[in-house]
Amino acid sequence: MARHLCIHGHFYQPPREDPWQGDVLPEGSAAPAHDWNERIHRESYAPLAWARRLDANGRIADIMNCYEWMSFNVGPTLLRWMDRHAPDTLRRMVEGDRQSLARWGHGNALAQVYHHIIMPLATVRDREMEVAWAVDDFMHRFGRKPEGMWLAESAADLPSLETLADAGIAFTILAPRQARAVAMLDGRPADDAAWMPVDEHSLDIREPYLVELPSGRSMAVFFYDGALSRAVAFERLLQDGEGFWRRLVGAAGPGLLSVCTDGETYGHHFTFGEMALAHVLGQGYSGRDDLRLTNYAAQLERTPPRRRVLLHEPSSWSCAHGIERWRSDCGCTDGGHPGWNQRWRKPLREGLDAMKREIDAHFSRRGASLFYDPWAALRGYGKVLATQSSVAATPSASIAQSAASPPGTPSSGALEDARSTFAAKHLRPDLAPSDIDTAWRLLAMQEAALAAFASCAWFFDELSRIEPVNAMTYALRASDLAAATGTGDIHRHLLEHLQRAISNKPEEGTGADIFTHHALPRRETVPGLVLQALCLLEAADALPAAGDTATWTWPGAQVAVRLESAPGDVPLEGMAEVRLALEPGGETVHFAWTPPHATGATGSLVRVVRADGTQEAMRLMDLARNRREALLAALTTGATRRADELLGPVARTMLPLVSPWEEAQRDMVRSEAWAPLLPTLGLATITGCGASPETLRLVEDYLRANLGAGDRRRLARLAEGMFTELLDAPEPDWDKIERRIVRTRALLPDMDWWSVQNRIWQWGLAGEGPRRCAVQLGFRV
């Protein structure tokens, strides 16, 4: 039997989006990145899409798309974020899957349960939704049905596998310690004598097994090599790509050697881990040492199961006690605080379960008059979720477009089609507009409630961490939607249980205290959305003139502002239409806004008058901290962008006027008057701007001596944008690009050329121009 290798990466981030705005707000612990998704993407997901392979002299010999050669699953919540913020990396994932499908007849990508919930702890209906929505999302992203599916934390039992089989899933991947006994598949029922007990060390992981299900169906299961996978994840095996390969060759035998880790291991957990992986994948696709790459589906076709397996039920890959990590103080944590306890896990689980039971009852009761079949409608809702569009928060000048398109969509497009198809199939005819709004809110309520069960809320060691607080925030959103559709205050069920959950930090108190102090302030309101939209439009210099309209769009919300007074008036008055994604009904209010520049942040507020005459007010300082941080980031970005736009022409005009032969000019260059111009002056120097070589040398010397860390970051950002524009041209001017690379390296010897290298690589290195530029950036040509 031939020797094959499959390296699998499990890529997942919990749902971090604000459940009202639909986008991730700043996370200070991820600094200098905006949030943890952004940081881990730059450290892991993107490097795997463009992994460097170096020669003996340290020059780039190849850039590999690892997704073309490794098995992988990506959580739908992470894919949703990537669609909005990292589309180039997502395209490389999809391309990698298509290439592997063409090569092996089966794609590398596996699906994953939608919200990464622990399936054995979920109700039958919740399991169905998680799998059905995951299949819809996978088909939308990858254009084919998934053959395999990753179970969150590989947590499995027979009912969970039955749910996969119901959805047409052929196989999953489990940890070797989850196997209890094996027996031959000989066409006869296995009696007790036929079963051979196994453990992690005695199980032969080189072949797939069959789990026979109570329904009469079956599920194929692959088991990964536990020792090797731990070595990759925790024993620094990624320090040396060649050592990694030799370890794999030594462990391989006839059949399949499977290595499985978190995808974040490559780059995020271990810097340059993606390069070690790229080395191994390169050896594998060349067939070195008679060990060849494949993926699970191709191997399953090549070698169908010969033996059946019994599982420890329930069990998982990251809890030695089965699945207790997600409901009890079992002792499994990340090890960060040995003296802490996790007794809070049980009341958090019980509180969310109690709340979900109320939500399900309300959905079934209220939905009966709105849907032909409420639960069939909820299963079908996955197709609507999958087609949510991919715009980041941006201002728009058109209220006509915003009225026709739900929040988060640049046009009516695919989401409108999905909504129309869904409505025709699932909504009862002749519903009043208010009933249609209620139906969509009920569906959004269920999605938010399921997001609260993402496994990471229980994984770590403290209740006040961001993950449990996120779970409470999603529960709060679900409770608000329940209240808006005709039921009581459902989150009280959660609070009753959280009273018994005690934080390891005395200052945090109980889970109810944490909910009150950390989750409840995140609740979004109509005045809050209007206030933020006005501040963001002002930061973007996009406030409309009196009588005109401008719109601020988040992926999950939209505020269209029509001014009735001039932008300089205080207070500024007008009308605002507020709409939330997947809830077609909006609300229009009158507002009076005192902007920050008029009174300072502490005095800035908005007052709104609703259609029924009730009035509400919101101060800027009353917004949740992460929303204030988002506004600060937008203000800073907007000010920096406007400064670059204003100072750029000044720098380009002044540079040719400098004469290196006149001492007065030298003094002028050394003066502090140039300080605000440094980044844009640096860009002008890189582009030349008609200045003489002597002038350029003089100014370059000045810049090298005076550029501070912040100036260097801004200049690098400006230079990266310039190169992106040049390299995205249909026919790049390679002579110009080469000259500017040389000047940029002189000013910024430590600049990160990663994205520019990727673009040059995509042009191919056959032409003389790309080859010259590639040599400048460290390629071997």
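**Exercise 1. Pairing of strand β1**

Find the residue of β13 that stands opposite His4, then describe how β1 pairs with its partner strands in this predicted model.

Solution.
- Step 1. In β13, Arg292 stands opposite His4. The pairing of β1 with β13 (residues 292–293) is parallel and covers two bridges.
- Step 2. Strand β12 (residues 255–262) also pairs with β1 in the parallel sense, over eight bridges. Here His10 is opposite Asp262.
- Step 3. Strand β4 (residues 71–74) runs parallel to β1 and is joined to it by four bridges. His10 has Asn73 as its bridge partner in β4.

**Exercise 2. Burial of strand β1**

Decide how many of the residues of strand β1 are buried, and on which faces.

Solution.
- Step 1. Take one side of β1: Arg3, Leu5, Ile7, Gly9 and Phe11 are buried.
- Step 2. Take the other side: His4, Cys6, His8 and His10 are buried too, so that both faces are covered.
- Step 3. Nine of the nine residues of β1 (residues 3–11) are buried; the strand is therefore largely enclosed by the rest of the structure.

**Exercise 3. The six-stranded sheet and helix α5**

Give the strand order of the open sheet of six strands, and list what covers the buried residues of α5.

Solution.
- Step 1. The order is β7-β11-β10-β14-β8-β9, and the pairing is mixed. The edges are β7 and β9 (196–197), each of which pairs on one side only.
- Step 2. Strand β8 (residues 179–184) and β14 run antiparallel and are joined by five bridges. Val182 has Val309 as its bridge partner in β14.
- Step 3. The buried residues in α5 (residues 158–166) are Ser160, Leu161, Glu162, Thr163, Leu164 and Ala165.
- Step 4. Their cover includes α4 (124–142) and the strands β6 (149–150), β7 (171–174), β10 (209–212), β11 (218–223) and β14 (307–311).
- Step 5. Just after α5, Gly168 has a positive phi of about 85°.

**Exercise 4. The nonpolar cores**

Identify the residues that touch the most other members of the largest nonpolar core, and examine the contacts of Ile760.

Solution.
- Step 1. The largest nonpolar core has 191 residues, of which Ile7, Phe223, Leu248, Phe371, Tyr381 and Ile760 touch the most other members. Helix α14 (residues 433–451) gives the most to this core, namely 10 residues.
- Step 2. A second core is separate and has 29 residues, among them Cys535, Trp554, Ala576 and Val606.
- Step 3. With neighbours within four places in sequence set aside, Ile760 contacts Leu727, Trp734, Ile741, Leu765, Pro770, Cys773, Ala774 and Leu777.

**Exercise 5. Packing of α24 and α26**

Classify the orientation of α24 and α26 and describe their contact.

Solution.
- Step 1. Helix α24 (residues 693–706) packs on helix α26 (residues 734–747) at an angle of about 40°, and the axes are 9 Å apart.
- Step 2. An angle under 35 degrees would count as roughly parallel. The two helices α24 and α26 are therefore oblique to each other.
- Step 3. From α24, Leu696, Glu700, Leu703 and Arg704 meet Arg743, Ala746 and Leu747 of α26. By class, this contact has four nonpolar, three charged and no polar residues.

**Exercise 6. Met275**

Is Met275 buried, partly exposed or exposed?

Solution.
- Step 1. Met275 lies in helix α8 (residues 273–286).
- Step 2. Buried requires under 20% relative accessible area. Met275 has 21% relative accessibility and so counts as partly exposed.
- Step 3. Outside its neighbours within four places in sequence, Met275 contacts Arg52 and Leu54.
- Step 4. Met275 and Leu765 are 490 residues apart along the chain, and their C-alpha atoms are separated by 21 Å.

How values were computed
Residues are numbered from 1 along each chain as its sequence is written. This is a predicted model: local features need pLDDT of at least 70, side-chain atom pairs count only at pLDDT 80 or more; totals for chains, interfaces and linings use all residues. Side-chain values use heavy atoms; hydrogens and water are left out. Axes are lines fitted to C-alpha atoms, for helices over the stretch in contact, and angles run from 0 to 180 degrees between N-to-C directions. Angles under 35 degrees count as roughly parallel, over 145 as roughly antiparallel, 65 to 115 as roughly perpendicular and the rest as oblique. Contact means heavy atoms within 4.5 Å. Ala, Val, Leu, Ile, Met, Phe, Trp, Tyr, Cys and Pro count as nonpolar, Asp, Glu, Lys and Arg as charged, and the others, Gly among them, as polar. A nonpolar core is a set of buried Ala, Val, Leu, Ile, Met, Phe, Trp, Tyr and Cys residues joined through side-chain atoms within 4.5 Å. Buried means under 20% relative accessible area, exposed over 50%, partly exposed in between (1.4 Å probe, protein chains only). Two strands pair if DSSP finds at least two bridges between them.
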